[in-house]
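Please open the model in your viewer and keep the sequence panel beside it. The stops below suggest what to select, one after another, and say what is there.

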Amino acid sequence: MTKFLKSAALSAAIALGMMLGAQPAMAQSTTLTVDVEQMYKDSTAAKSGNTQLNGKYGAQLKATQSALESSATNWNTQVEAAKKVLKPDGTLPPANQTAVDQARQSLTEAQNSFEQLKQEIQYADQYVKFQILEKLIPITEKIRKDRKGDAVLPRSAVLAVDPLNDITAIAMQQLNATLTTVSITPPQQQQPGAAPAAGAAPATTTPPAKQPQSR
């Protein structure tokens with residue numbers, strides 16, 4: 001009986017092995033990658049957007065930054081001056097109090113102007129990226145079909161990739177042939193920060209500098 005069971009088990013194992021060996025090998029999946037960030041930086045459309053952004057906002061941003069720095073310097077100057085004449089009861093002479101209040105207001109206004117301009121620039125930049133991505137998606141889909149790939153992922157989403165499966169160069173070539181310029185004026189019906197730039201980093205703002213308080 002024992003020999004019969006061993007023989008039966010061996011026969012079953014051999015039969016299973018033959019069945020597995022007869023099955024066709026499963027097709028390997030192919031994932032393609034594309035460097036989206038490179039498209040946002042080096043494509044013809046991206047360069048067009050950057051040129052327009054610099055032309056429209058460059059001088060204004062520089063002036064706004066300069067005004068912010070000047071207001072911050074004046075604020076610090078007034079605070080230091082106030083410390084020297086601060087009374088024991090924590091009050092300041094009227095002239096110094098007025099100077100501190102005016103410096104605080106000037107700094108707040110300068111900070112608000114800078115943040116508002118920065119948000120406007122970020123929103124316009126997001127819109128540029130949205131236009132690039134809008135054209136890039138069908139391009140990568142066609143390449144995927146031509147190469148019989150299973151998916152196309154952003155290069156930043158994977159740790160390692162076979163260079164043969166990276167389609168950035170051909171996608172860049174096709175993108176440059178179909179999109180040479182973009183608009184930096186987002187649709188008016190959209191609100192800042194709501195540009196549909198899928199995959200693009202959301203706009204961020206720098207919190208206002210903490211203001212020292214006079215006593």
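In which helix does Tyr127 lie? Select Tyr127 and you will find that it lies in helix α4, where helices (H or I, at least four residues) and strands (E, at least two) are DSSP runs, numbered from the N terminus. At 13% relative accessibility, Tyr127 counts as buried, a term that stands for under 20% relative accessible area, with exposed for over 50% and partly exposed for what lies in between (1.4 Å probe, protein chains only). Now add Val182 to the selection: Tyr127 and Val182 are 55 residues apart along the chain, and their C-alpha atoms are separated by 9.0 Å.

Before going further, please note that this is a predicted model, in which local features need pLDDT of at least 70 and side-chain atom pairs count only at pLDDT 80 or more, while totals for chains, interfaces and linings use all residues. Residues are numbered from 1 along each chain as its sequence is written, and side-chain values use heavy atoms, with hydrogens and water left out.

Zoom out next to the whole protein chain, which has five helices and two strands, running α-β-α-α-α-β-α from the N terminus on. Of its 215 residues, 28% are buried. The chain exposes about 14,200 Å², of which carbon and sulfur atoms supply 57%; accessible areas come from the Shrake-Rupley method with a 1.4 Å probe, and for residues only the protein chains shown count as cover. Among the contacts (heavy atoms within 4.5 Å) with a separation of 6 or more, 87% are between residues 24 or more positions apart.

Select helix α3 (residues 44-85) together with α4 (94-146). Their axes come within 8 Å and cross at roughly 160°, which makes α3 roughly antiparallel to α4. Here the axes are lines fitted to C-alpha atoms, for helices over the stretch in contact, and angles run from 0 to 180 degrees between N-to-C directions. Angles under 35 degrees count as roughly parallel, over 145 as roughly antiparallel, 65 to 115 as roughly perpendicular and the rest as oblique. The crossing of α3 and α4 is left-handed, meaning that the near helix is turned anticlockwise from the far one by less than a right angle, whereas clockwise would be right-handed.

Keep α4 and add α5, residues 168-178. These two helices pack at an angle of about 130°, with their axes 10 Å apart, and that makes α4 oblique to α5. The crossing in which α4 passes α5 is right-handed. To see the side chains involved, display Ile132, Lys135, Leu136, Ile139 and Ile143 in α4, which meet Ile170, Ala171, Gln174, Leu175 and Thr178 in α5.

Stay with α5 and colour Thr168, Ala171, Met172 and Leu175, which are buried. Seen down the axis of α5, these buried residues fall within an arc of 100°, so they line one face of the helix; the arc is that of the directions from the helix axis to the C-beta atoms. They pack against β1 (31-34), α2 (36-42) and α4. The face of α5 turned away from this buried side carries the exposed residues Ala169, Gln173 and Ala177.

Finish in the loops. Ser29 sits in the loop between α1 (2-22) and β1 and is exposed, with a relative accessible area of 59%. Select Asp150 as well: Ser29 and Asp150 are 121 residues apart in sequence, yet 6.2 Å apart in space, C-alpha to C-alpha. Then pick Lys148, found in the loop between α4 and β2 (151-154) and exposed, with a relative accessible area of 70%. Although Lys148 is not a glycine, it has a positive phi of about 60°.
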